[in-house]
Amino acid sequence: MAEKVMQAVQYESYGGGASGLKHVEVPVPTPKDDEVLLKLEAASINPVDWKIQKGALRAMLMPAKFPHIPCTDVSGEVVEVGQQVKDFKAGDKVLAKLSTQHGGGLAEFVVASESLTAARPYEVSAADAAGLPVAGLTAYDALTEIGGIKLDGSEPKNVLITAASGGVGLYAVQLAKLGSNHVTATCGARNIDLVKGLGADEVLDYKTPEGVSLKSPSGKKYDAVINCATGIRWSIFDPNLAKNGVVVDLTPSARSMFTFALKKLTFSKKRLVPFIVSIKTEGLKHLAELVKDGKLKTIIDSKFPLSKAEDAWAKSIDGHATGKIIVEP
Ligand SMILES: NC(=O)c1ccc[n+]([C@@H]2O[C@H](COP(=O)([O-])OP(=O)(O)OC[C@H]3O[C@@H](n4cnc5c(N)ncnc54)[C@H](OP(=O)(O)O)[C@@H]3O)[C@@H](O)[C@H]2O)c1
């Protein structure tokens, strides 16, 4: 029987940016025993996807091989299941996080591990679900696991979220407000109303002197900072932190690793903690339920068809998205 083929977008070497992406026809993958085959309805781009293409994670063997079909955050319909799959059947609508090393999201079909697949409630659109895995869970885990921020309203604290208009930041603002925390946020002038509308108590334009200083207009000292921006020095965070304040750094650099080590070695109460998210299916389920219940929204910057995936890629590299960039096969 003739092999089934699909449209996909892949790159064949490091570098090249958007022009390194090629449209190809490749075989539809076959699910292993513990995998599901998905017909994709939406995928979202995260900065890590194009950082991998740049070679930033080469030392961690990413991507696993060339050619590589990028993107890991997807939503679609199950069309086939492996022999050991228990929780899903053909026809189920799901969201999934694919392996960072192997990717696969910029395609019409992909195989996903059952252990990183979650049911998508009927009320949640494919695009809204595809935005959730990396960005949503980074926001959730950075706030709760490292930031010590409660999301049930039991112990409100003061939180600063930098680059609050990005994919991670917009989820972080909404999640922090679910717990009645006081949120200070930074973003560009054009997004101040959006970020306030999602609940931020005070918003600083990051291009003004007040925004650069990160000082809370109401004089709050931050218990936790979710740092979605890059290039902000410890000396800027330090005077704005509460006695035991922690900066959760989502884009660890040599300088932030040094600050992390220094604060640890000197038993400093104020800390900087580099953080890399680790996705679990319970987290995917929980976020999808929050969206279903109207407690969390995916803010979509733009949608592109798979035939224009390179435009979506270029937009993410440009660094000025407001929320998530979605590709729809
Ligand atoms: N550690 C992890 O596990 C993890 C997971 C997810 C993401 N990340 C990292 O976290 C960072 C944010 O990711 P993302 O998906 O949210 O990125 P993103 O969606 O591309 O962020 C773009 C937004 O950031 C704003 N921005 C950029 N620099 C800013 C600054 N200095 N102050 C305030 N706003 C600023 C931009 O506003 P303007 O357009 O107005 O400039 C734009 O709206 C990236 O470096 C990413 O790699 C890490």
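How many bridges join strand β14 to β15, and do the two strands run parallel or antiparallel? In this predicted model, five bridges join β14 (residues 300–305) to β15, and the two strands run parallel. Within this pairing, I300 stands opposite K324 of β15.

**Strand β15 and its partners**

Strand β15 also pairs with β3 (residues 35–45), in this case through three bridges and in an antiparallel sense. One contact in that pairing can be named: V327 in β15 is the bridge partner of A43. The connection from β14 to β15 involves helix α10 (residues 309–318), and the three elements make a right-handed β-α-β unit.

Strand β15 comprises residues 324–328, and four of these five residues are buried, so the strand is largely enclosed by the rest of the structure. K324 belongs to this strand. With 29 other C-beta atoms within 10 Å, against a threshold of 20 or more, K324 is classed as buried. A separation of 35 Å lies between the C-alpha atoms of K324 and L262, which are 62 residues apart along the chain.

**The ligand shell**

The ligand is surrounded by 30 residues, of which G166, G167, G188, Y206 and H320 are the closest. Elements that give two or more residues to this shell are α1 (47–54), α3 (133–146), α4 (167–178) and β9 (182–187). In composition, the shell divides into 15 nonpolar residues, 15 polar residues and no charged ones. Both domain 1 (5–131 + 298–328) and domain 2 (135–274) contribute to the surroundings of the ligand, with at least three residues drawn from each.

**Helix α4**

Among the elements that contribute to the shell is α4. This helix has 12 residues and reaches 18 Å from its first C-alpha to its last, close to the 16 Å expected at 1.5 Å a residue. Because 11 of its 12 residues are buried, α4 is largely enclosed by the rest of the structure. The buried residues include G167, Y171, Q174 and K177; G167 is also one of the residues closest to the ligand. An α-helix has 3.6 residues a turn, so residues three or four places apart point the same way. In α4, burial also extends to V168, G169, L170, A172, V173, L175 and A176.

**Backbone features in loops**

Certain loop residues show cis peptide bonds or positive phi values, and these are collected below.

| Residue or bond | Backbone value | Location |
|---|---|---|
| M62–P63, cis peptide bond | omega about 0° | P63 in the loop between α1 and β4 (73–81) |
| F66–P67, cis peptide bond | omega about -5° | P67 in the loop between α1 and β4 |
| L214, positive phi | phi near 65° | loop between α6 (209–213) and β11 (222–227) |
| F267, positive phi | phi near 50° | loop between α8 (254–265) and β13 (271–274) |

Is each of the residues L214 and F267 buried or exposed? L214 has 22 C-beta neighbours inside 10 Å and therefore counts as buried. F267 has 6 such neighbours inside 10 Å and therefore counts as exposed. The positive phi of L214 occurs in a residue other than glycine, and that of F267 likewise occurs in a residue other than glycine.

Conventions: Residues numbered from 1 in each chain as written. Predicted model: local features only at pLDDT ≥ 70, side-chain atom pairs only at ≥ 80, totals over all residues. Near = placed C-beta within 6 Å. Helix = DSSP H or I, 4+ residues; strand = E, 2+ residues; numbered from the N terminus. Nonpolar A, V, L, I, M, F, W, Y, C, P; charged D, E, K, R; others polar. Domains from an automatic or database assignment. Pairing = 2+ DSSP bridges. Right-handed = clockwise from strand over helix to strand, strands pointing away. Expected span 1.5 Å × (residues − 1).
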